[in-house]
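Good morning, and thank you for coming. Please take a moment to look at the sequence and the model before I begin.

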Amino acid sequence: VLVMVLLLVRQNLTLADNRSLVQALEKKNQELHQVNQLVQMDAKCDFLTGLQNRRGLEEMLNAAIRRAEEEVRPFALLIIDVDWFKQVNDRYGHDFGDWVLTELSRVLTGMTRSGEMIGRYGGEEFMGILPGTGLSEAIGVAERLRKAVENHGFRKEDKEVALTISIGLS
């Protein structure tokens, strides 16, 4: 009888240990899932501006193309380049240049409408994806963005720069 009692106690302790191990494993799996989600987001997000990076933009562009084909709707693509940006870095330094790109991303995204996407394609180049937008409307969007940047004061502490952008569209 004593051996049976000891075996039952041992079995109960083993079951309790197993439950604790399963709970710990489930918690670690949840943490791993969260880290994987962050890594996935980070792989598609530009670390400087917080916008989609080239990889993320390419996925969004492919999705926009598929939707446009399925729905037989137009969409426009903008390529935005900061004019003479190298001079900003050369004159004021790369830290200020990084700040300008971050501020520019805020200006551009602040001017987009629901469903429109702006991302950083690379360097000082940005891309705009405009689902459901035809050519004449896209020209208006590009002009709206161009004017917003031209009229924005890029000023930080004692440094100030006037920026202009060039936009190609399709």
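A strand, as the term is used here, is a DSSP run of type E with at least two residues, and strands are numbered from the N terminus. Please also bear in mind that this is a predicted model.

With that definition in place, let us turn to Lys 159, which belongs to strand S5, residues 159-161. Is Lys 159 buried, exposed or partly exposed? Its relative accessibility is 30%, and buried means under 20% while exposed means over 50%, so Lys 159 counts as partly exposed. Setting aside neighbours within four places in sequence, Lys 159 is in contact with Tyr 92, Phe 96 and Phe 154. As for Phe 126, it lies 33 residues from Lys 159 along the chain, and 23 Å separate the C-alpha atoms of the two.

I now come to the sheet. Four strands form an open sheet in the order S2-S3-S1-S6, and their pairing is antiparallel. Which strands stand at the edges? They are strand S2, residues 117-122, and strand S6, residues 165-169, each of which pairs on one side only. On average, neighbouring strands of this sheet are turned by 25° against each other, with direction ignored.

One pairing may be followed in detail. Strand S1, residues 75-82, runs antiparallel to S6, and five bridges join the two. Ile 80 stands opposite Ile 167 in S6.

Which helix lies across these strands? Helix H4, residues 94-110, lies across S1, S2, strand S3 (125-131) and S6. The angle at which helix H4 runs to S3 is about 15°.

Next, I ask you to find Asn 89, whose place is in helix H3, residues 85-92. Asn 89 has a relative accessibility of 15%, under the 20% limit, and therefore counts as buried. Not counting residues up to four places away in sequence, Asn 89 touches His 94 and Gly 97.

Finally, let us consider the start of the chain. Val 1 is found in the segment before helix H1, which covers residues 2-44. With a relative accessibility of 86%, over the 50% cut-off, Val 1 counts as exposed. Which residues join Val 1 in a nonpolar surface patch? They are Val 5, Val 9 and Leu 13, and the patch has an area of about 410 Å².

To close, I would recall two residues side by side: Asn 89 counts as buried, whereas Val 1 counts as exposed. Thank you for your attention.

Note on methods
Residues numbered from 1 in each chain as written. Predicted model: local features only at pLDDT ≥ 70, side-chain atom pairs only at ≥ 80, totals over all residues. Heavy atoms only, no water. Patch = residues over 30% accessible without salt bridge, like charges linked within 9 Å, V, L, I, M, F, W, Y side chains within 5 Å. Areas by Shrake-Rupley, 256 points an atom, 1.4 Å probe, with all protein chains shown as cover. Salt bridge = Lys/Arg side-chain N within 4 Å of Asp/Glu carboxyl O. Buried < 20%, exposed > 50% of the residue type's maximum accessible area, 1.4 Å probe, protein only. Contact = heavy atoms within 4.5 Å. Pairing = 2+ DSSP bridges. Axes fitted to C-alpha atoms, helices over the stretch in contact; angles between N-to-C directions.
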